Each structure stands twice: as structure tokens, then as C-alpha cells.
Amino acid sequence: MISAYSGTAVRAAEQPLLDSGAGAELMQKAAYGLYQAAAALLSRRRGRIYGSQTVVLAGAGNNGGDALYAASRLLSRGGSSTAVLTAAEVHPAALAAFRARGGRVLSLTGENSRAVLALCMTADLVLDGILGTGGKGGLRAPAAELAVLEPARLRRGQAPAIIACDLPSGINADTGAAGGAYLRADLTVTFGAPKTGLMAGPGASAAGQIESVDIGLAPQLGTAEVQRLEAADIRDLLTLPEPGDHKYSRGVLGIAAGSTAYPGAAVLATGAALATGVGMVRFLGPEPVRRLINLTHPEAVCSDDSVTQTHVQAWVAGPGAGEDEGQRRRAVEAMASGLPAVIDADALSAVEPGLGPQIVLTPHAGELTALLDRLGVRGDREAVEADPLAHVRQAADLTGATVLLKGWATLVAAPGGPVYSQAEATPWLAAAGSGDTLSGILGALLATDRRGSGSPGHYARLAAAAASIHGRAGTLAAQDGPVEVSGLPSNVRQVLAALLAA
């Protein structure tokens with residue numbers, strides 16, 4: 001489990017150590033961890049550090065000092081480095097150490113910003129140490145002109161690798177929001193503990209990979225604000241069939257999805273649920289969709305019954321329902337059944353306050369905007385995408401349900417907490433039907449769950465696990481090119497097999 005804390009909480013944890021005079025020691029620990037990550041990246045990228053070119057973007061805070069000290073160590077191994085000072089004053093001892101190793105220094109101005117950008121573009125590595133956890137708002141001119149730098153991971157051909165010190169400059173460490181221009185990184189080396197701002201919103205995509213350097217703050221840190229499940233955590237949530245099991249004891253999932261207008265959603269949700277490992281799928285829907293389901297998934301049991309007539313352990317309702325009144329009615333019945341239920345897509349328009357945490361709502365940003373508007377919270381999609389963490393928490397608290405907000409980093413909030421963030425997906429999953437597949441995976445986890453405590457946090461963990469499995473399956477599929485969503489069930493099975501074998 002990866003635990004993330006707000007920048008405010010990390011600074012509070014640092015303060016007793018700073019007050020005791022340990023500031024220099026903390027900086028050296030951080031700088032050495034940053035140097036190790038930079039050296040490893042350069043070695044992978046060009047085979048050696050000797051002869052490499054590094055540009056340090058050094059601001060007035062400690063992050064600038066960390067970057068300068070790290071670059072000094074790279075200089076000692078035969079690299080060359082230029083420090084671009086983005087503030088009138090930077091950490092004096094770190095700057096002196098950098099100069100003593102032969103580093104070149106220049107100050108960023110409005111007149112030379114284009115030349116600095118060109119310098120960065122020809123470098124092997126850029127260390128971003130402009131702003132730290134206390135930074136508010138985006139980058140200001142002239143540093144804002146450097147925000148056009150694209151990490152190597154985001155473009156073809158040659159580009160500088162970018163490492164952010166603690167967090168990408170311009171990103172809010174507490175929320176992940178960007179108040180203006182910001183830098184993006186291939187790798188963020190964060191100190192003390194991962195920051196909440198690396199797990200949500202623009203900060204999640206800007207961070208790239210995340211490595212954490214232990215500088216001794218653990219005893220001072222309290223409860224994590226956001227958590228991320230790792231492979232072992234997901235494996236522990238999976239339910240395996242046991243000797244003596246039968247199709248009913250393994251878990252029966254009810255699916256009320258699809259319509260004559262959108263029959264594919266039902267096929268995708270059913271296929272994903274079967275690939276995740278339910279004992280049976282009971283599908284409810286109109287006759288043309290039932291016929292299609294029987295052709296593609298003959299093991300599914302199909303009918304036009306109501307939810308109250310159907311015995312299952314969990315429900316998926318809403319994907320592809322469109323204007324089908326029967327499917328909309330089934331979604332309302334599923335929410336009232338008392339059973340765990342995934343409520344997606346068109347069924348979200350029927351959501352009212354007073355739900356329980358066993359109900360998992362799975363909106364994207366536009367659907368969450370509409371839901372909050374119906375609940376009296378005015379806003380727009382841009383606001384949700386700018387600060388998704390605040391909005392997903394608000395939706396969970398207002399509805400009483402667990403809310404899974406789809407995105408680059410998928411956020412899951414239980415009413416009153418906790419919050420999970422999963423970012424294993426690929427942009428190739430931004431395709432029609434992807435959400436239907438996620439609903440099927442999550443429905444299967446809910447239906448097969450045997451160890452549930454019934455606590456809000458448990459349903460949030462299952463939802464986070466489903467998001468991770470879905471993301472991993474998409475990333476696996478993308479190794480062969482663009483993702484065809486209808487083929488994802490085979491990748492889901494591969495992901496589950498790998499998790500169970502680890």
C-alpha cells in the first residue's frame with residue numbers, strides 16, 4: 001500500500017526535525033536519493049553518466065538546493081551541468097557546492113528564457129527544483145515559459161528526461177490542482193512521503209513515475225490522506241474458488257445493462273465479469289439484448305425479470321441503458337435492494353441521497369458534474385477535472401455511496417473516507433465501452449467477495465482493486481497497439497493470473 005499525505009502534513013512532520021537543527025541532514029538525504037534516481041535514469045537512457053548534460057532549474061526553496069546537490073554528484077562522475085536560477089536567491093551552500101564541482105550558473109530572465117528552453121531541449125536530463133510543497137498557484141513568468149517542455153514519455157524521438165524534485169513545479173501538493181502553468185515529469189522523486197498532489201488531478205498525470213525517498217518522517221506522519229493499492233493488496237482482495245464450491249457459492253452477479261439502442265454495453269460488462277471469475281451471471285434486459293448475450297456468452301442466464309425476482313449477490317446496472325424504462329427501473333431496484341451494486345452511466349441520473357457505501361457509483365467527470373448539480377452543487381466539468389479529489393469526496397458524502405471517479409488517476413472515495421487513487425491505466429483506454437468493462441470487473445469483485453466487513457472502506461478498496469485490474473489489463477493490451485475494448489477480457493484473465501502467481 002502506498003500512502004500519500006498533503007504537503008501541509010509533510011511540512012508539519014518536518015518541522016520538529018528542522019527545529020532540532022537537522023535541516024542540513026534532511027537535505028543531504030533527499031539530495032542523495034534524488035542523485036541515485038537521476039544516475040539510474042541516465043544510465044538507462046544513455047548507458048553511462050560520463051559525458052551527460054544536465055540542466056538544473058533551481059528555485060528559492062529547499063527543492064532547488066536538493067537539485068543542486070544532486071547535480072553536484074553527477075558532476076563528480078564526469079557529467080556537465082548548468083544551473084538555471086529561477087529566483088534572485090537560492091540555497092547558498094548548495095549553489096557553492098555546485099560551483100565547486102565545475103557547474104555553470106546563469107539566471108533566468110525574460111530575455112534569455114527562449115535560450116534556456118533550447119538548452120533544456122538539448123540536455124539529457126532536466127531536474128525541476130523550481131517550486132516545492134509550499135508553492136501556491138502555477139509558474140510565473142519567466143519560468144512559466146518552460147512549461148512547454150515535454151517529458152520523453154510523452155513524445156516520440158529525442159527529448160530530455162525530466163525529474164521533478166518532490167513534485168512538479170506549479171502543482172498544488174495538497175490537491176493535485178494546477179493554478180496555472182506547470183511542468184510535467186517522467187519521474188517524480190518525492191521526499192519523506194508521497195504527496196496527495198501526486199495522486200489526483202493534473203498532478204497525477206504530471207508526476208510520471210513516483211519514487212519516494214525516506215528521510216525519517218514516518219514517526220511524525222499521521223493518517224494517510226490518499227492511498228494506492230499495490231499488487232499484494234489487490235491479491236488479498238481476490239476470492240478464489242475452493243473445493244466444494246458450486247456456481248452459486250462462488251458468487252452470482254446480476255447485470256441490468258444495455259438496451260436496443262446500446263446492446264454492446266451489456267456484452268462488454270458481461271464478458272468482463274465472466275473473465276474476473278464469477279460463478280454465474282444473471283442478465284436482465286430486453287429480448288434483442290438477451291439474444292445477443294446468449295450468442296456471445298452462452299453461459300449467462302438471461303431473462304426479463306425484475307430485480308426483486310432475481311437472486312444474486314451483487315448488481316451492475318446502468319451501462320448502455322439509454323432511454324429504456326425497464327433498465328432504468330431495474331437500476332432503482334438495485335439501489336434499493338440492500339445488496340452491493342455498481343451504478344454506472346445512464347443509471348446515475350436516478351441517484352438520490354441516502355444510499356449506503358455498498359452502492360458504488362462510477363461516473364466520469366461529466367457525469368459527476370451532472371450528479372453534483374442535481375444535488376445542489378453548481379459547477380462545471382472543468383472544475384471537477386481541475387480538483388477531482390475535492391469533488392469525489394463531496395459526492396460520496398452527499399450520496400452516502402462509494403464514488404469511483406474515472407480518470408487518468410481513478411479516485412475512489414468512501415463516505416467520510418478513505419480515498420484511493422489508482423493510476424495503472426493507459427490513455428488507450430479512453431475508448432467507448434471501457435467503462436462498461438470496468439463495471440463488469442467491479443461487479444464480479446462485489447459478487448464474489450466473502451470477507452467483506454461491510455465497512456465503507458472495504459467497498460472502496462474493492463472499487464480501487466477493480467480500477468487497478470482494469471488499468472493493468474488496458475496497459476497489457478496496449479503493448480500490441482491500440483486497445484480494442486471487446487478484447488479486454490483476455491487481458492483481464494492474464495492480469496489476474498499474474499497477480500495470483502506473484
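1. Helix H5. In this predicted model, helix H5 spans residues 113–122, and its buried residues are Ser113, Val116 and Cys120. Viewed down the axis of H5, these buried residues fall within an arc of 60°, so they line one face of the helix. The face turned away from that buried side carries the exposed residues Arg114, Ala115 and Thr122. H5 may therefore be read as a helix with a buried side and a side that carries exposed residues, because its buried residues lie within that 60° arc.

2. What covers H5. The buried residues of H5 are covered by elements that include strand E2 (53–58), strand E3 (80–85), E4 and E5. These four strands also belong to the sheet described in the next point.

3. The seven-stranded sheet. Seven strands make up an open sheet in the order E4-E3-E2-E5-E6-E7-E8, and their pairing is parallel. Strand E4 (104–107) and strand E8 (209–213) are the edge strands, each of which pairs on one side only. From one strand to the next, the twist averages 20°.

4. Strands E5 and E6. Within this sheet, strand E5 (residues 125–129) pairs with strand E6 (residues 161–165) in the parallel sense, over four bridges. A student tracing the pairing may begin at Val126, whose bridge partner in E6 is Ile162.

5. Cysteines. How many disulfides does a search of the whole structure find? The search finds zero. Cys165 is in no disulfide, and the nearest cysteine sulfur, that of Cys120, is 13 Å away. For a pair to count as a disulfide, the two sulfur atoms must be within 2.5 Å. In general, a disulfide is a covalent bond between the sulfur atoms of two cysteines. Cys165 is buried, with a relative accessible area of 0%, and Cys120 is one of the buried residues of H5.

6. Val213. This residue is located in strand E8. Is Val213 buried or exposed? Val213 counts as buried, because its relative accessibility is 13% and the cut-off for a buried residue is under 20%. Apart from neighbours within four places in sequence, Val213 is in contact with Lys29, Ala30, Gly33, Val189, Thr190, Phe191 and Gly192. The C-alpha atoms of Val213 and Gly180 are separated by 28 Å, and the two residues are 33 positions apart along the chain.

7. Strand E16 and its partners. In strand E16 (residues 402–405), Thr402 and Leu404 point one way, Val403 and Leu405 point the other way, and all are buried. This may be set beside the general rule that side chains in a regular strand alternate between the two faces of the sheet. E16 pairs in the parallel sense with strand E15 (residues 359–361) over two bridges, and Leu361 stands opposite Val403. E16 is also joined by three bridges to strand E17 (residues 410–413), and these two strands run antiparallel. Here the bridge partner of Leu404 is Val412. E16 and E17 form a hairpin, with four residues between them.

8. The protein as a whole. The protein has 16 helices and 18 strands. Of its 502 residues, 55% count as buried. Its C-alpha atoms fill a box of roughly 80 × 45 × 40 Å along the principal axes. The radius of gyration is 25 Å, which agrees with the value near 23 Å for a compact globule of 502 residues. Among contacts with a separation of 6 or more, 70% are between residues 24 or more positions apart.

Conventions
Residues are numbered from 1 along each chain as its sequence is written. Side-chain values use heavy atoms; hydrogens and water are left out. Two strands pair if DSSP finds at least two bridges between them. Axes are lines fitted to C-alpha atoms, for helices over the stretch in contact, and angles run from 0 to 180 degrees between N-to-C directions. Buried means under 20% relative accessible area, exposed over 50%, partly exposed in between (1.4 Å probe, protein chains only). The arc is that of the directions from the helix axis to the C-beta atoms. Contact means heavy atoms within 4.5 Å. The radius of gyration is taken over C-alpha atoms; the globule rule is 2.2 Å times the number of residues to the power 0.38.
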